[in-house]
Amino acid sequence: MAEMGSKGVTAGKIASNVQKKLTRAQEKVLQKLGKADETKDEQFEQCVQNFNKQLTEGTRLQKDLRTYLASVKAMHEASKKLNECLQEVYEPDWPGRDEANKIAENNDLLWLDYHQKLVDQALLTMDTYLGQFPDIKSRIAKRGRKLVDYDSARHHYESLQTAKKKDEAKIAKAEEELIKAQKVFEEMNVDLQEELPSLWNSRVGFYVNTFQSIAGLEENFHKEMSKLNQNLNDVLVGLEKQNGSNTFTVKAQPSDNAPAKGNSPSPPPDGSPAATPEIRVNHEPEPATTPGAALPKSPSQPTEAAEVAGATQAATGAQEPGETAASEAASSSLPAVVVETFPATVNGTVEGSSGPGRLDLPPGFMFKVQAQHDYTATDTDELQLKAGDVVLVIPFQNPEEQDEGWLMGVKESDWNQHKELEKCRGVFPENFTERVQ
């Protein structure tokens, strides 16, 4: 019997809940259709809007904080693997091995400590802060249901009072239900009216504390990590000093990009002679056509050629002792890169040269080079080179315009075709070529 009674009570509760849901649904339909008035509380509705906004912001902050922690953990793993690599390549006989290993251990501990403190002081606080929202959200929803119950009881009581046939017993019972519904609603409403504004105002202090904690932890972490990185740098500097002669030098790769004029072009990477051309200085004077006469000087001939001509005058005794000393001083002040000069061309013939192949060269011709790499010109005054092109090197009209690492010349094929310097000549990076003559 007791069991049946228990089942009856349970069935009664279910039926009561179903009836309440049905009554609320009917009341809401009537309110939406405008056939029943609805109790409004604009102040509370504003509190609910603030609550929903606060919940959305807090949920986003929690998500982003978890993403940040995941990134910290990923950085920790990456840093750990990098340090493990350093430990593997650091040979046992190298100085500072023990210090490097200790730094790697401290680096790992520092990452662990940083991650754990972020969890304790930021994430757990965030979880606690958001933990209060589900309960309040549930109570807000329940208050809404109790408000509908109150409106329904109120409308039922009012309809019985305005009925033509009044049933006092039903009116009394409806009044009792109205008072009960009103009491339940007001109790929940008062509590939420106090809690929601307080919760809304608490967001400022929570945001401040959260971001202050993150900023402080990150600042301390980077300070400690900076010390470890400085210690590791000191260890590696010591290793470099002991093995300074074995320092690895990175060479630039050849490319189509032109080196900026005014700077020395990057050498080709293949170790070809073009990277470090053999430059010889010819101090011996070329024989002149007439004994005692100086070599004719072309307007485009560089200063070095003039000094070689001066050396010819010294050989014939034309210079005074003071001039000889001045010539020697001038020679000692020549730049590091000095090219070997060749005899000038006069009236289509090469002075002092009887060898073949020099009768049809551009004025001031000095030597030939061959391109070892392609070079794409980036300015109108530059030569476009393909690997294998032969270039006839000539002096700059104004030696002061020559930038270090650049030469003036004309491609042999262009010269043979046009015989016009103004149309064919241009500058090119010396280290893309190799001297062939």
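Guide: A residue is called buried when its relative accessible area is under 20%, exposed when the figure is over 50%, and partly exposed in between, using a 1.4 Å probe and protein chains only. This is a predicted model, in which local features need pLDDT of at least 70 and side-chain atom pairs count only at pLDDT 80 or more, while totals for chains, interfaces and linings use all residues. Residues are numbered from 1 along each chain as its sequence is written, and side-chain values use heavy atoms, with hydrogens and water left out.

Visitor: Why is Phe-432 called buried?

Guide: Its relative accessible area is 5%. The limit is under 20%, so Phe-432 counts as buried. Of the 437 residues of the protein, 32% fall in that class.

Visitor: What makes Phe-432 and Tyr-375 an aromatic pair?

Guide: Rings of Phe, Tyr and Trp (its six-membered ring) pair if their centres lie within 6.5 Å; planes under 30 degrees apart are stacked, those over 60 are edge-to-face, and the rest are tilted. The whole structure holds 10 aromatic pairs. In the pair of Tyr-375 and Phe-432, the centres are 5.5 Å apart and the planes make 65 degrees, which is edge-to-face. Tyr-375 is also buried, at a relative accessible area of 0%.

Visitor: Which parts of the chain does that pair link?

Guide: Distant ones: Tyr-375 is in the loop between β3 (367-371) and β4 (390-394), and Phe-432 is in the loop between β6 (426-429) and β7 (433-435), 57 residues apart. The labels follow DSSP runs numbered from the N terminus: helices are H or I with at least four residues, and strands are E with at least two. By that count the protein has nine helices and seven strands.

Visitor: How do you know that helix α5 has the span it should?

Guide: The expected span is 1.5 Å times one less than the number of residues. For the 75 residues of α5 (residues 168-242) that gives 111 Å, and the end C-alpha atoms are 109 Å apart, so the two agree. Helix α3 can be tested likewise: with 35 residues, its first and last C-alpha atoms are 50 Å apart, close to the expected 51 Å.

Visitor: Where does α5 bend?

Guide: At Arg-203, by about 30 degrees. The bend at a residue is the angle between axes fitted to the seven residues ending there and the seven starting there. α3 has a kink of about 35 degrees, centred on Val-119.

Visitor: What does Arg-203 lie over?

Guide: The face of Trp-200, at 3.7 Å from the ring centre. A charge sits over a ring if NZ of Lys or CZ of Arg is within 6 Å of the ring centre and within 35 degrees of the ring normal. Arg-435 lies over the face of Phe-367 in this way, at 4.2 Å.

Visitor: Which residues does Pro-197 touch?

Guide: Contact means heavy atoms within 4.5 Å. Not counting residues up to four places away in sequence, Pro-197 touches Cys-47 and Leu-192. Pro-197 is in helix α5, and its C-alpha is 9.4 Å from that of Val-48, 149 residues away in sequence.

Visitor: Why is Pro-197 called partly exposed?

Guide: Its relative accessible area is 28%, which lies between the two limits, so the middle label applies.

Visitor: What makes Asn-107 buried?

Guide: A relative accessible area of 7% puts Asn-107 below the buried limit. Asn-107 lies in α3 (residues 97-131), and it touches Ser-79, Asn-83, Met-225 and Leu-228, residues up to four places away not being counted. Glu-105, also in α3, has 44% relative accessibility and therefore counts as partly exposed.

Visitor: Where is Lys-386 found?

Guide: In the loop between β3 and β4. Leaving aside neighbours within four places in sequence, Lys-386 is in contact with Ala-371, His-373 and Asp-374. The C-alpha atoms of Lys-386 and His-373 are 6.5 Å apart, though 13 residues separate the two along the chain. At a relative accessible area of 48%, Lys-386 is partly exposed.

Visitor: What is the phi of Lys-419?

Guide: Near 60 degrees, a positive value in a residue other than glycine. Most residues other than glycine have a negative phi. Lys-419 lies in the loop between α8 (412-418) and α9 (421-424).
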